[in-house]
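Colleague: I have just opened this one and would like to know how the terms are earned. Could you take me through it?

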Amino acid sequence: MLRVMDADETRAALPWSGLIDGLEVMFKVGCEMPLRHHHAVAVPNEDAGTLLLMPAWTPGAYIGVKMVTVIPGNSARGLPAISGAYLLSSGATGALLAVLDGAELTARRTAAASALAARYLARADASRLLVVGAGKLALNVIEAHSTVRSITSVTIWARRLEQAEALAAAARAKGFDAVASDDLETAVRGADIITCCTLSRTPLVLGDWVQPGTHIDLIGAFKPDMRETDSAAVAAASVFADTHDGVVAEGGDIVQAIAEGAITEADIQSHLV
């Protein structure tokens, strides 16, 4: 029987600890994962959207395809930028088994992968979290990072202060010591972990602001013309990637830092896939 899971059901099926551990196992075991498809989608009178198609499969077990749309203009409409669906099929027969809410799955998987990276790369005593961006991913990354580190304070910055304040209130309702800030430089200087989840095309976090030992988690720049840090921040860092081929082809922070001569592809120290 085909199972259709809405956002609430998808969220309930993916508790943070189990999801982070499951991702760790999957990164080690591996699966067949072609480079995802990117398609620009025109949206009249505003920035173009993006259609992402992401297939992956474990031979004989499962086949999955995630379809995601990213519409930057939704922010002005008070709607999530990310929507989509995940189709899970049998790897033995091809029969469709389940349809999951793609936006919720994306938010939780992305935040869990960031937390998995922090488990290995952030200082053991890291406790001050800065979230740059206040979209759907933001509350998820707060929860996920708090699963792997003892987060005692959360600062949230967004281009619209009212959006950061709303997210801070939502985080406080979940028990986090969270505040909004309109001073990104000060927030960066005081952070142990910085997680960026924006659709920015210009650097937000500058290398001159970042203190030694800070862990920077870059989520948003999924196209070469996007970036959340400047080349100085990348050049000063030890660079690790989730997927090597994907980062050098699509990850704007790395693509642009390489193009500007700040680093070379050989400077990527390791990758998960």
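Colleague: What makes you say that helix 4 lies across strand 7?

Modeller: Bear in mind that this is a predicted model. Contact calls for heavy atoms within 4.5 Å. Helix 4 (residues 136-148) lies across strand 7, strand 8 (153-157), strand 10 and strand 11, and its direction is at about 160° to that of strand 7.

Colleague: How do you know that strand 7 and strand 10 pair?

Modeller: A pair needs at least two bridges. Strand 7 (residues 128-132) and strand 10 (residues 193-196) have four bridges, in the parallel sense, so by that cut-off they count as paired. For one bridge to look at, find V132, whose partner in strand 10 is C196.

Colleague: Why are strand 9 and strand 11 called edge strands?

Modeller: Strand 9 (178-180) and strand 11 (215-218) each pair on one side only. You can see it in the order of this open five-stranded sheet, 9-8-7-10-11, where the pairing is parallel. Neighbouring strands here are turned by 15° against each other on average, direction ignored.

Colleague: What makes the pairing of the six-stranded sheet mixed, and which strands stand at its edges?

Modeller: The six strands form an open sheet in the order 1-6-5-4-3-2, with mixed pairing. Strand 1 (3-5) and strand 2 (37-41) are at the edges: each has a single partner strand, so one side of each has no neighbour in the sheet. From one strand to the next, the twist averages 15°. On the antiparallel side of the mix, strand 2 runs antiparallel to strand 3 (residues 49-58), joined by five bridges. H37 has L53 as its bridge partner in strand 3. Strand 3 and strand 4 are also antiparallel, over nine bridges, and L51 stands opposite T69 in strand 4. The hairpin of these two strands has three residues between them, and there G60 takes a positive phi near 80°.

Colleague: How do you know that helix 3 packs on this sheet?

Modeller: Helix 3 (residues 102-121) touches strand 4 (62-70), strand 5 (82-90) and strand 6 (96-101). Its direction makes about 90° with that of strand 5.

Colleague: What makes helix 3 and helix 4 a crossing pair?

Modeller: Their axes come within 8 Å and cross at roughly 35°, and the crossing is right-handed. Residues in helix 3, including A107, A111 and A115, meet residues in helix 4, among them L137, V141 and A144. By class, this contact has 10 nonpolar, five polar and five charged residues.

Colleague: Why is the space in this structure called a cavity?

Modeller: In a cavity, a 1.4 Å probe fits but cannot get out. The structure holds one cavity of 30 Å³ or more, and about 50 Å³ of space lies in the largest cavity, so its volume is over that cut-off. Its lining is made of A48, G49, T50, V70, P72, L199, R201, F222, K223 and M226.

Colleague: How do you know which classes line the largest cavity?

Modeller: Arg and Lys count as charged, and R201 and K223 are in the lining. Gly counts as polar, and G49 is there too. Altogether the lining has six nonpolar, two polar and two charged residues.

How values were computed
Residues are numbered from 1 along each chain as its sequence is written. This is a predicted model: local features need pLDDT of at least 70, side-chain atom pairs count only at pLDDT 80 or more; totals for chains, interfaces and linings use all residues. Side-chain values use heavy atoms; hydrogens and water are left out. Axes are lines fitted to C-alpha atoms, for helices over the stretch in contact, and angles run from 0 to 180 degrees between N-to-C directions. On a 1 Å grid over the protein atoms alone, a cavity is a set of points where a 1.4 Å probe fits but cannot get out, and a pocket is an open set with protein on both sides within 12 Å along at least five of seven lines; lining residues have an atom within 4 Å of a point. A crossing is left-handed if the near helix is turned anticlockwise from the far one by less than a right angle, and right-handed if clockwise.
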